[in-house]
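Colleague: Could you take me through this model, beginning with the ligand and then turning to the cysteines?

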Amino acid sequence: MRPNTVPSSRLIIIGGGIVGLATAIKLGRRLPNAQITVLEKEAEVCQHQSGHNSGVLHAGLYYKPGSTKARLAVSGIQEMVTFCRENGVPHEICGKLVVAVDETELARLNGLHERGRQNGLEGLQLLNREQMKEIEPNVGGVAALRVPQEGIVDYHKVCEVLRQKISERGGRVVTRAKVIRLQLLPNGWLVESTAGDFQSDFLVNCAGLHCDRIGELAGQKREVRIVPFRGEYYKIKPPRQHLVRNLIYPVPDPQFPFLGVHFTRLIHGGIEAGPNAVLAFAREGYRKTDFNAADLFDALTFPGLWRFLAHHKRMSWEELKRSFSKQLFCESLQRLVPEICRDDLEPGGAGVRAQAMSPDGTLVQDFCFQQSPKALHVLNAPSPAATASLAIGEEIARMVAGRL
Ligand SMILES: Cc1cc2nc3c(=O)[nH]c(=O)nc-3n(C[C@H](O)[C@H](O)[C@H](O)COP(=O)(O)OP(=O)(O)OC[C@H]3O[C@@H](n4cnc5c(N)ncnc54)[C@H](O)[C@@H]3O)c2cc1C
């Protein structure tokens, strides 16, 4: 990377999640003279997806070879692990098992193995029943793929360190600054926010669940729409936590970018089970009863959502039922760990995924960056964007530096 010596440009990043913060760091390194400001609408950074996720370091197993997601996931985990090591962020490379619950899933498990190898993952191991039980004694199923380089991390702490580094390098993170209007003037942007007005030569939109709306404020047509999918978790009660040692995942349905309910050991202790994937009635709706009229109107008037529902009736209905039925949720978990029972589960938290959907109802699988005059919009940064955030930030910084 060659630092650019363009005289002090003013750059504004909208969104203080992990992608916005990592982008600020990477832009600061590439453009040392730039004045960098992150605008975040909440009172603190990391309040939405970045602070409501599974805390897993994903290595790039699942993603289509050659996609931006595969490339940035593979380089991203290495960079994230180095970052954690150098900055004292709690993390652990504990490895993961992806479990085929019966013979019908073996072909897909082998496919994942091949895909992981194509993406450059080393040390992947296909395990038979006995071998997988040596790693996770309580796991069910017939075979597993072990991914040794995956792990768990404290993403809140990652964000805290990123924020601190932005300030140390002369950047600003302004909280309680909800961007409400954007005007492109001849000399750059006038950014109106609830914390006052800001001027900027270039904008980077990292607004997560609201990125399509920020794009629209910046004059972009909202072709893809963010559709919120809530992911709900249960926690395993302490006396039964011994049933899971580390990370146990199912073989995912290749049609969806969601991985299926799984078991995750948390970096500060405890085991979580989930998340499911239910359509949410509010983009920041963490409870089943949360409802936002504007978000719901937005979703219901988007033809893509209706096409998605028509195409995936059964899956959407099953997910909804499982969201309301602890028994059904437990049955999904029993496929991975047969001994787990309803009484072992207590309610956990939830997160909402910002998933971009096309007007034809397909879910956008890859990371999506869109350029517009004096702006760059991150329009799809779902999992594993937390793991890959530093690599995403580097990618954005490269694209922005080339345009200043
Ligand atoms: C349930 C769940 C589990 C996941 N598990 C994992 C995992 O284990 N590993 C992994 O790598 N990834 C995981 N992910 C994905 C990962 O969390 C996200 O991809 C990542 O956090 C996206 O970061 P972001 O900065 O783009 O979005 P966010 O963290 O949502 O940040 C966007 C920010 O923009 C702000 N904003 C929005 N509108 C405005 C506005 N008008 N003005 C100012 N600010 C605004 C928001 O307040 C928010 O802080 C998971 C996600 C979910 C939901």
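Modeller: We shall look at the surroundings of the ligand and then at the cysteines, keeping in mind that this is a predicted model.

Colleague: Which residues come nearest to the ligand?

Modeller: The ligand has 39 residues around it, and the nearest are Glu 40, Ser 50, Val 179, Ala 381 and Thr 387.

Colleague: What does Val 179 offer the ligand?

Modeller: A backbone N or O atom of Val 179 is 2.9 Å from a nitrogen atom of the ligand. Taken alone, the ligand exposes 1000 Å², and 97% of that is buried by the protein.

Colleague: And which residues lie 3.0 Å or 3.1 Å from an oxygen atom of the ligand?

Modeller: A polar backbone atom of Val 19 is 3.0 Å from a ligand oxygen. For Gln 49, an N or O atom of the side chain lies 3.1 Å from an oxygen atom of the ligand.

Colleague: Which element gives the most to the shell?

Modeller: Strand 19 does, with 3 residues. Helix 1 (18-30) and strand 19 (345-357) each supply at least two.

Colleague: How many shell residues are nonpolar, polar and charged?

Modeller: The shell has 18 nonpolar, 16 polar and 5 charged residues.

Colleague: Changing topic, how many disulfides are there?

Modeller: The count is 0. Cys 211 is in no disulfide, and its nearest cysteine sulfur belongs to Cys 368.

Colleague: Why is there no bond from Cys 368?

Modeller: The sulfur of Cys 368 is too far for a bond, because the closest cysteine sulfur, in Cys 211, is 8.4 Å away.

Colleague: Is Cys 211 buried or exposed?

Modeller: Cys 211 is buried, at 2% relative accessible area, whereas Cys 368 is partly exposed, at 22%.

Definitions and conventions
Residues are numbered from 1 along each chain as its sequence is written. This is a predicted model: local features need pLDDT of at least 70, side-chain atom pairs count only at pLDDT 80 or more; totals for chains, interfaces and linings use all residues. Side-chain values use heavy atoms; hydrogens and water are left out. A residue is near a molecule or strand if one of its heavy atoms lies within 4 Å of it. A polar contact is a pair of N or O atoms within 3.5 Å; within protein, one must be able to donate a hydrogen and the other to accept it, and residues adjacent in sequence count only if both atoms are side-chain atoms. Accessible areas come from the Shrake-Rupley method with a 1.4 Å probe; for residues, only the protein chains shown count as cover. Helices (H or I, at least four residues) and strands (E, at least two) are DSSP runs, numbered from the N terminus. Ala, Val, Leu, Ile, Met, Phe, Trp, Tyr, Cys and Pro count as nonpolar, Asp, Glu, Lys and Arg as charged, and the others, Gly among them, as polar. A disulfide is a pair of cysteine sulfur atoms within 2.5 Å. Buried means under 20% relative accessible area, exposed over 50%, partly exposed in between (1.4 Å probe, protein chains only).
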